[in-house]
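Here are a few short exercises on reading a fold. Take a look at the model, try each task yourself, then check the steps.

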Amino acid sequence: MRILRAAIGLDRVAMLMSGGARFPVELGQWLHAIGARVDDIYGMTECGTIALNQDFRTVPGLVGQPFSHGEVTLGPDGEILVKGPHVFAGYLNLPDKTAEAFRDGWFRTGDVGRFDEAGRLVLLDRIKDIIISSSGKNITPSEVEGALTAASPVIADAVAVGDGRNYVTALVMIDAAVAQQALAASGGSYTSFSELAAAESTQALVAEAVRQANRQLSRAEGVKAFRIIPRQLSPTDEAMTPTLKLKRRVLIEQYQDLVAEMYPAVGEA
């Protein structure tokens, strides 16, 4: 394992910490397996550190026990709320934004979470990204997307769709190298990325990955249809952040025609 850690530049690291967004559980599990434990830290500028894995028994997916210098609870919609002397007084000269940031004296983080049986905080997603189905079911898109990318290397990234709909679908970004290998094995060829994305072998690989992912998801979370994004995204693309994360809302807007295909007018709420 030491050789593997050295190969990825982690052989001399004394401590690894992650913050800023939810750390992928599967990646955390893999790093733990090779002896490179990643401790998640969760906090915000407005209230400092909220929780930290500090007991050296880090579990991927958890951000740890909340600190004792304040209170942490969950709102009725699962939003993480914070109260205490460490919480800021408000945004300078922005009274409306300050009022919006608080709920009955609790600071609204804008993040959705839950507590595990040991009282450790689990960070799920941004509340603005939570999918609320037509039946009122709250679905965490990162859970769906994580299951898809973990199911097969052919899925490089995915965006779950379904807000206000009666089922969940996904826009999928493929790994070109994996798809190309499968296409070559079937005797096929392609001249553009869109042809590679449309190839039967690529579609079959993604369909199988979706089936595998659905075994890990609840019935409400299960992906009923998918469409492959017909172009390769780059860091300069409007739908990607500089750290190569997909912007869900931008991508859904860009490919609303593909989304419409997955929600035919008949039988769709």
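**Exercise 1.** Which strands does helix α7 lie across, and at about what angle does it run to β14?

Solution. This is a predicted model, where local features need pLDDT of at least 70, side-chain atom pairs count only at pLDDT 80 or more, and totals for chains, interfaces and linings use all residues. Residues are numbered from 1 along each chain as its sequence is written, and side-chain values use heavy atoms, with hydrogens and water left out.
- Find α7 at residues 200-214.
- It lies across β12, β13 and β14, at about 150° to β14 (angles run from 0 to 180 degrees between N-to-C directions, with axes fitted to C-alpha atoms, for helices over the stretch in contact).

**Exercise 2.** Work out which strands stand at the edges of the sheet.

Solution.
- Write down the order: β12-β13-β14, an open sheet with mixed pairing (strands pair if DSSP finds at least two bridges between them).
- β12 (155-161) and β14 (223-228) each have a single partner strand, so they are the edges, and one side of each lacks a neighbour in the sheet.
- Now check one pair: β13 and β14 are parallel over five bridges, and A170 has F226 in β14 as its bridge partner.

**Exercise 3.** Sort the faces of helix α5 (residues 176-185) into buried and exposed.

Solution.
- A176, A179, A182 and L183 are buried (under 20% relative accessible area; exposed is over 50%, partly exposed in between, with a 1.4 Å probe and protein chains only).
- These buried residues fall within an arc of 130° seen down the axis, so they line one face (the arc is that of directions from the helix axis to the C-beta atoms).
- Turned away from that side are the exposed A177, Q181, A184 and A185.

Key. Helices (H or I, at least four residues) and strands (E, at least two) are DSSP runs, numbered from the N terminus. Contact means heavy atoms within 4.5 Å.
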